[in-house]
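Here is a short set of exercises on the empty space inside a protein model. Have your viewer open and try each task before reading its solution.

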Amino acid sequence: MTSAPLAARLTAVAGPLFFPVTAYGPDGSVDLDVFRAHVRKGIDAGAAAVFACCGTGEFHALTPEEFRLVVAAAVEETAGQVPVVAGAGYGTALAVQFAKLAEEAGADGLLAMPPYLVVADQEGLLAHYTALAAATGLETIVYQRDNAVFTPQTVLALAQTPGIIGLKDGYGDLDLMQRIVSAVRTGLPGRDFLYFNGLPTAELTGLAYRGIGVTLYSSAVFAFAPDIALAFYRALEAGDDDLVNALLDHFYRPLVELRAKGRGYAVSLVKAAVRLQGLEVGEVRSPLTEPPAAHIEELTGIIASGRALLERSGDEPGGSGTGERG
């Protein structure tokens, strides 16, 4: 953990945010060596930050001790090059426990996952995230999705809460997000509150989110094809509509349509794709299941299609931009 504010570090490096999968060995236990290799590949490819033990990292499936070890491994491997943000969730008491473990492990911040199972009102959600933010010295990003969807006034209150620096949106209601951005902008003039597009394949909605000023996003694709993820990021930044649209049409849309064919594919399909790239990160833990062979074959073709587009555009691996930071 460094003393620099997390918000400044998250915006200092241009590029998508890296959500590594958690690696398991043949016996199902956490494989820290393979996880470190996975993190190192992401950093070398140009990750702007490492979000460890979050949704893609199977936070739900980790014991507290495994969580602490994995976060510590991410911190050690990054060695301060980019910030490490750790997931924290469940009910308030357990979320606080995970937050403290993340702080002990050296994380730079927290991604506050939705509370477990219950559907709380706005007052209860605000109390939950206020308690979590106060439990450690780590700066916190609140994750909006599923059973944790906020009104603009609640987000305004979150933005006034010490320690809370941003909102990651995995809900996908652009009308709501526009009203949230407007409420914070008018209610707290000059407040540098961060917003993240956190939908499962954020690139597909990147153009729409940019229209309301949300440019930061998490990239599941970066976990298994950083060359494609970075090429898309650079094209988006440069206004290269031809490459953006080609990747949307022939890589990202087919990937999202494949993801929709199975429960839990936002995690298990990503993990399968990492294995396809030669890193043996193991299978997902139950209750998630692995994609069938037919879907793996389809995934292989989609990745090949994305790389073929890069070759035609001159942005193939080893070319002018791959591995560089934005």
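The exercises below go from model confidence to cavities and then to the largest pocket.

This is a predicted model, in which local features need pLDDT of at least 70, side-chain atom pairs count only at pLDDT 80 or more, and totals for chains, interfaces and linings use all residues. Residues are numbered from 1 along each chain as its sequence is written, and side-chain values use heavy atoms, with hydrogens and water left out.

**Exercise 1. Judge the confidence of the chain.**

Step 1: Start with pLDDT, the predictor's confidence in each residue, from 0 to 100. Its mean over the chain is 94, and 95% of the residues reach 70 or more.

Step 2: Now find the weak stretch. Over residues 317–326 pLDDT stays under 50, and the model has 26 contacts (heavy atoms within 4.5 Å) beyond four places in sequence for them.

Step 3: Apply the usual caution. Where pLDDT is low, the predicted coordinates should not be read in detail.

**Exercise 2. Describe the largest cavity.**

Step 1: Fix the terms. On a 1 Å grid over the protein atoms alone, a cavity is a set of points where a 1.4 Å probe fits but cannot get out, while a pocket is an open set with protein on both sides within 12 Å along at least five of seven lines; lining residues have an atom within 4 Å of a point.

Step 2: Count and size. Two cavities of 30 Å³ or more are present, and the largest has a volume of about 80 Å³.

Step 3: Read the lining, which includes P200, F224, R259 and Y265. Two or more residues each come from α10 (241–259) and α11 (265–276), with α11 giving the largest share, four residues. Helices (H or I, at least four residues) and strands (E, at least two) are DSSP runs, numbered from the N terminus.

**Exercise 3. Describe the second largest cavity.**

Step 1: Its volume is about 40 Å³.

Step 2: Among its lining residues are L17, F51, K168 and Y217. The strands β7 (194–197) and β8 (216–219) each give two or more residues to this lining.

**Exercise 4. Locate the largest pocket.**

Step 1: The largest pocket has a volume of about 960 Å³.

Step 2: Of its 33 lining residues, G55, H60, M113, R145 and D146 lie nearest the centre.

Step 3: β8 and α11 are the elements that give two or more residues to the pocket lining, and α11 gives the most, with three.

Methods. Grid points are joined across faces, edges and corners, and a volume is the space filled by probe spheres set on the points.
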